[in-house]
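Welcome, and please open the structure in your viewer. We will walk through it one selection at a time.

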Amino acid sequence: MKALFFNDFGDASVLQYGEVADPIVTANTVLVKTTYIGLNFADIYRRRGTYHLEKHQPYIDGYEGVGTVVAVGKQVANFKRGDRVLFVDVPFANASLVVVPADQAIKVPRAINDQQVASIGLQGMTAEFLVHDLAQNQPHDRVLIHGISGGVGQLLTQLLVANEVAVYGVASTPAKAELAYQAGATTVFMRHDPWDTTHHNFFDTVFDGVGKTLPVSLATTKHRGRVIFYGMAAGNPPVIDPVKLMSESKSLMTGDLWDYLDSAVARQCRAMDSAVARQCRANQLFDDVLTHRVTIRPATVYSLAEGAVAHRALETGQVAGKILLRP
């Protein structure tokens, strides 16, 4: 099969495209021929060697994709050849063929095409869990989203606006700010402007997937407000003093998507079977798309052979929204 791979950690120049051995289907897995593969900032960290990466010779990055089932393991009863599936936490995704555990494969509705599904997969399920499991905002709350024009940021904005929450954001350029306004944001600040000096103790909730901005997030959150920390796109956050948080009654909340994804305490997804709960959560996201609570912006698509170019585009902020790789 064809794959994007590397032998040593480093910058995007270590990435190579070519033939590698086909994966082996086992009893409880399905083989998926990928049509689109999601590129996420975690993939940058993995390539650099600063984030967990499954062992493989050579290394194959990527954990998210969509495609068609082309082979089924002997003990798999709920999938067949020809099924369209999404996966969001399966290693070695940067390839034309991916082996997916059956309990991690998500069936996709016919009304949403593969590119749309890949554009909202991991980031859409992340946004859903941040909004509904962690933040739980009320109508008319004021929230701030760092990196509001990114893939998660745009989806977060739409979900929150649909719940009558006033959404503010931080963007790096006027063009990216315009994307946030189109998604329904009330106000968008430029990253390098001193907006935080006039908005101390202002927001009910701040969503921070940047990392180094955590002190600003805490300073601009109201007393008894909460910061939702979900990523480190700009590096590790500084050390936070919990005593100061306690004195201002501010909460710092985190969560692991994979833990919540299979949780039996999902909103309407109380199935004890993790695969059923996962499908149920995905169906909630698909329903948001089909009922137009969420509009999917066109992704930026590179061929898998152009993987190094795509990595550089993501690292340098050249692209707003989702980047997809096409085998």
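Start by selecting Arg142 and Phe202: Arg142 lies over the face of Phe202, at 3.8 Å from the ring centre. Keep in mind as you look that this is a predicted model.

Next, show the rings around this spot. Phe202 belongs to one aromatic cluster together with Tyr168, Phe189, Trp195 and Phe203. Now keep just Phe189 and Trp195 on screen. Their rings form a stacked aromatic pair, with centres 4.9 Å apart and 5 degrees between the planes. Both Phe189 and Trp195 are buried. Across the whole structure there are 10 aromatic pairs.

For another charge over a ring, select Lys107 and Phe79. The charged end of Lys107 sits over the Phe79 ring, 5.2 Å from its centre.

Now colour strand β9, residues 142-146. Is β9 mostly covered or mostly open? β9 is mostly covered, since four of its five residues are buried. Add β10, residues 166-171. The two strands run parallel, and five bridges join β9 to β10. To find one of these bridges, select Val143, whose bridge partner in β10 is Val167.

Both strands lead us to the nonpolar core. The largest nonpolar core has 45 residues, and Leu130, Ile148, Leu156, Leu160 and Phe207 are those with the most contacts inside it. Besides β9 and β10, the elements that give two or more residues to this core are α2 (114-135), α3 (151-162), α4 (174-182), α7 (257-261) and α8 (274-290). Which element gives the most to this core? That is α2, with 11 residues. As general background, nonpolar side chains tend to be buried together in soluble globular proteins.

Zoom in on Leu130. Not counting residues up to four places away in sequence, Leu130 touches Ala135, Val152, Leu156, Phe207, Ile228 and Tyr230. There is also a second, separate core of 31 residues, and you can find it by selecting Phe6, Ile37, Val69 and Val85, which are among its members.

Move on to Thr221, in strand β13 (residues 221-229). Where does the side chain of Thr221 reach? It reaches the backbone oxygen of Ser217, at 2.6 Å. Thr221 has a relative accessible area of 0%, so this residue counts as buried. Leaving aside neighbours within four places in sequence, Thr221 is in contact with Asn201, Phe202, Phe203, Asp204, Val206, Arg226, Val227 and Lys250. Two of these, Phe202 and Phe203, you have already met in the aromatic cluster.

For the next stop, select β1, residues 2-6. Three strands form an open sheet here, in the order β2-β1-β4, with antiparallel pairing. The edge strands, each pairing on one side only, are β2 (16-19) and β4 (59-60). Four bridges link β1 and β2 in the antiparallel sense. One residue pair to click on is Leu4 and its bridge partner in β2, Tyr17.

Finish with helix α9, residues 307-315. Which residues of α9 are buried? They are Gly307, Ala308, Ala310, His311, Ala313 and Leu314. Show what lies around them: the buried residues of α9 pack against β1, β3 (29-39), α1 (41-48), β15 (300-303) and β16 (323-326). After α9, look for Gly317, whose phi is positive, near 70 degrees.

Definitions and conventions
Residues are numbered from 1 along each chain as its sequence is written. This is a predicted model: local features need pLDDT of at least 70, side-chain atom pairs count only at pLDDT 80 or more; totals for chains, interfaces and linings use all residues. Side-chain values use heavy atoms; hydrogens and water are left out. A nonpolar core is a set of buried Ala, Val, Leu, Ile, Met, Phe, Trp, Tyr and Cys residues joined through side-chain atoms within 4.5 Å. Buried means under 20% relative accessible area, exposed over 50%, partly exposed in between (1.4 Å probe, protein chains only). Contact means heavy atoms within 4.5 Å. Two strands pair if DSSP finds at least two bridges between them. A polar contact is a pair of N or O atoms within 3.5 Å; within protein, one must be able to donate a hydrogen and the other to accept it, and residues adjacent in sequence count only if both atoms are side-chain atoms. Rings of Phe, Tyr and Trp (its six-membered ring) pair if their centres lie within 6.5 Å; planes under 30 degrees apart count as stacked, over 60 as edge-to-face and the rest as tilted. A charge sits over a ring if NZ of Lys or CZ of Arg is within 6 Å of the ring centre and within 35 degrees of the ring normal.
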